[in-house]
Each structure stands twice: as C-alpha cells, then as structure tokens.
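These questions and answers go through a structure step by step, for a reader who has not seen it before.

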Amino acid sequence: MKKVILAYNRVSPQVLEELEKEFEVVYFENNEYLDDPRFVQTLQKTAGVIGLGLNVTKELLDLAPTLKIISNVSVGYDNLPLEELSKRGIMATNTPDVLNDTTADAIFGILIAAARRMTELDHYVKSGAWTELLPPELFGLDVHHKKLGIIGMGRIGQAIAKRGHFGFDMEILYHNRSRRPDVEELLNAHYVSMDELLAESDFVCLMVPASLETKNLISYGEFSKMKRTAIFINGSRGQNVDEEALYDALQNGTIWAAGTDVFKEEPLPAHHKLLTCKNLVTLPHIGSSTAETEHKMSVVAAKNLQTGLKGQQPPNLLNPNIFLNQ
C-alpha cells in the first residue's frame, strides 16, 4: 500500500505527478485546515506533508499520528515548531539556496522602484496626469554610488549586496549576528553597529529571519535614526517591522520612502492604512514567485520528502538532532 502524502499549496504540477508514482497524494490548494473534514481525514493517515505555509500546531500534530516529515516549499520555516517536531521525531525541511538569486532580484527591484518612484509614476501616467514635463517634485533619487545597509547578511542578503556592489557601485554596510570576513573581502563590505548602519545608510534593507528576537525589530526608534532621505526595504517577514511606525515614518517625512514584499497580515486587507502611502512600494510576497524558481523549490522539497520517508537524513533537514540522537 502506498504511503499517503498531504500536498498543501504551491507544489508544481510536474512534481505532484512524479510524487503520485510513489505515493497516494491528496492535494489541497485553498488554505484548507482543521475545520475541513477531508483535510483532517487525510492528516490522520499521512506520512508526509509537502507545501507552503501550513500552520503547524500541537493540535494539528495530535491529529497526525503517522506523520514522519514536513517538507516546506520555502526557505522560511516560521510555520514549523521545531522543538515540538523534534520531540515527536518528525523531520522538518526547507528549500534554501535555490531561491537566493530570484528573491534578491525582487528585493533589489523594490529598492529601485522606491528610489525612482516607479509605481507612483506608473499610476501618474495611466491616470492621464502626464500632460507636460515631469515636475521636479516628482523626481526620484539615485541608486548608484549610494550606501546600502543590509541587516542580516545571510545567503539572500549577500546576493542583494552583490547586486548593489557590482551593479551599482554601492558601498555596502552590514549588521549581522557575526562578522563575515569572506563577504567583507569580496564586496569591500563594512561591518557596523545597528545604530551606525541606520544613521549612515541611504538604503536600509532588512533581511533577518522571523523570531521572537526580531519581532518589531524596526520601529519608531529605528526609523528616527535613519536619514530623512533614507529608503527602507523589508524583504524579511512582516512581523519584523512595526507597521504603525512605518506608516508614521512615511507620512511624517521621517524617511523618504519604503518598499515591502511582506506584511504582518497576508493578504493585506484592502482598507489597510499603508496602502494610502504614495511613497511606499507594496508587493504581494513575490520574493521567489517566478515559474522557474517555484518549480525548482518543489523539486527540492520533493527530494527532501522522499529521502526522509526512506529513513535517510534529508538534504535540508532543520532538526538534525533527530538523527544525532539515534
């Protein structure tokens, strides 16, 4: 009898087809959860879960006695309670590296769009307001030869820094839990304190993971330390930024502009006050959302799943203590 796999959101059709050769795959694509009888019935007999954004709780795990592995189709894993999963002997995996360049492209694109007011001026043209030379009050800011400050110099942070250094001759400042001599040498990057980065950067790019320590990492105090001409970019997670503080900073001219691909509540409600800020570029969490990269992520996630269900250590295991304790 084939093992049952629960596939949840954003698994590519080609990968689902391959998995169906080996497993009984039950696919859910509309954020079904514990109030859905079919979802619960599948959960109760599943050996593995593969997909994006499933909120894994103790209640969910209690309903999944045969679960062996959860394979996230994402680099982020704030939906996974790793300690609880380890207690139960359940493997957790993600898909790092494959999305680094694609996400860095998107974040740097947001940076340029915010600096050159591209979304605002796109509306300006489409609304019919462009009837004469562009007035100076709608001019943007240069990107090249500016200071780019990156908070969180992980894989994606490094990819963003490379684009800034090699593509736009930007000076790279960074703040991280530990220094990265390799990055400093490659990009002539400067390790600085958080306060120094906020005060000196023309662009402040937040790229830290979501955790209790990073919740509201950027709030009123941090915005007040930035230049009035600074542009803030959030490419990390919505919970890492105090959205009330961001709104006030944009409305009061504390900073010049901002761009974000993530929000505390997603999808963002249509009435959200941030949507009234003309100097804010907003995107619907598109970091890795290209057809090519999404498929590659599904392939990596499927390999993690298949390897784990063979009793072997998956390539991208997040809780390796499961195997170390055996």
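Q: Which elements make a right-handed β-α-β unit?
A: The model is predicted. In it, a right-handed β-α-β unit starts with a strand, passes over a helix and arrives at another strand. The three elements are β1, α1 and β2.

Q: In which sense do β1 and β2 pair, and which residue of β2 stands opposite L6?
A: Strand β2 covers residues 24-28, and five bridges link this strand with β1 in the parallel sense. Opposite L6, in β2, stands V26.

Q: How many bridges join β1 to β3, and what is the bridge partner of V4 in β3?
A: β1 and β3 run parallel and are joined by five bridges. V4 has its bridge partner in β3, namely T46.

Q: Why is β1 largely enclosed by the rest of the structure, and which residues cover its two faces?
A: Five of the five residues of β1 are buried, so the strand is largely enclosed by the rest of the structure. Both faces are covered. One side holds V4, L6 and Y8, and the other side holds I5 and A7.

Q: Which residues touch the most other members of the largest nonpolar core, and which element gives the most to this core?
A: The largest nonpolar core has 51 residues, and I50, L148 and I160 touch the most other members. With eight residues, the element that gives the most to this core is α5.

Q: Which residues of a second, separate core can be named?
A: This second core is separate and has 27 residues. Among them are L197, V208, A249 and L280.

Q: Which residues of α12 does I50 touch?
A: Helix α12 spans residues 291-309. Leaving aside residues up to four places away in sequence, I50 touches residues including I5, L6, A7 and Y8. Its contacts within the range of α12 are S298, A301, A302 and L305.

Q: What do the buried residues of α12 pack against?
A: The buried residues of α12 include T293, M297, S298 and L309. They pack against β1, α1, β3, β4, β5 and α5.

Q: How far does α12 reach, and which residue just after this helix takes a positive phi?
A: α12 has 19 residues and reaches 27 Å from its first C-alpha to its last, close to the 27 Å expected at 1.5 Å a residue. Just after the helix, a positive phi of about 85° is taken by G311.

Q: What is the strand order of the open sheet of seven strands, and which strands stand at its edges?
A: The pairing in this sheet is parallel, and the order is β8-β7-β6-β9-β10-β11-β12. Each edge strand has a single partner strand, so one side of each is left without a neighbour in the sheet; these are β8 and β12.

Q: What angle does the direction of α5 make with that of β10?
A: α5 packs on the sheet and touches β6, β9, β10, β11 and β12. The angle between the directions of α5 and β10 is about 150°.

Q: Which residue of β7 stands opposite I151?
A: β6 and β7 run parallel, joined by five bridges. In β7, the residue opposite I151 is H175.

Q: What covers the buried residues of α7?
A: In α7, the buried residues are I156, G157, Q158, A159, I160, A161 and G164. The elements that cover them include α5, β6, β7, α8 and β9.

Methods:
Residues are numbered from 1 along each chain as its sequence is written. This is a predicted model: local features need pLDDT of at least 70, side-chain atom pairs count only at pLDDT 80 or more; totals for chains, interfaces and linings use all residues. Side-chain values use heavy atoms; hydrogens and water are left out. Buried means under 20% relative accessible area, exposed over 50%, partly exposed in between (1.4 Å probe, protein chains only). Helices (H or I, at least four residues) and strands (E, at least two) are DSSP runs, numbered from the N terminus. Contact means heavy atoms within 4.5 Å. The expected span of a helix is 1.5 Å times one less than its number of residues. Two strands pair if DSSP finds at least two bridges between them. A crossover is right-handed if, with the strands pointing away from the viewer, the path from the first strand over the helix to the second runs clockwise. A nonpolar core is a set of buried Ala, Val, Leu, Ile, Met, Phe, Trp, Tyr and Cys residues joined through side-chain atoms within 4.5 Å. Axes are lines fitted to C-alpha atoms, for helices over the stretch in contact, and angles run from 0 to 180 degrees between N-to-C directions.
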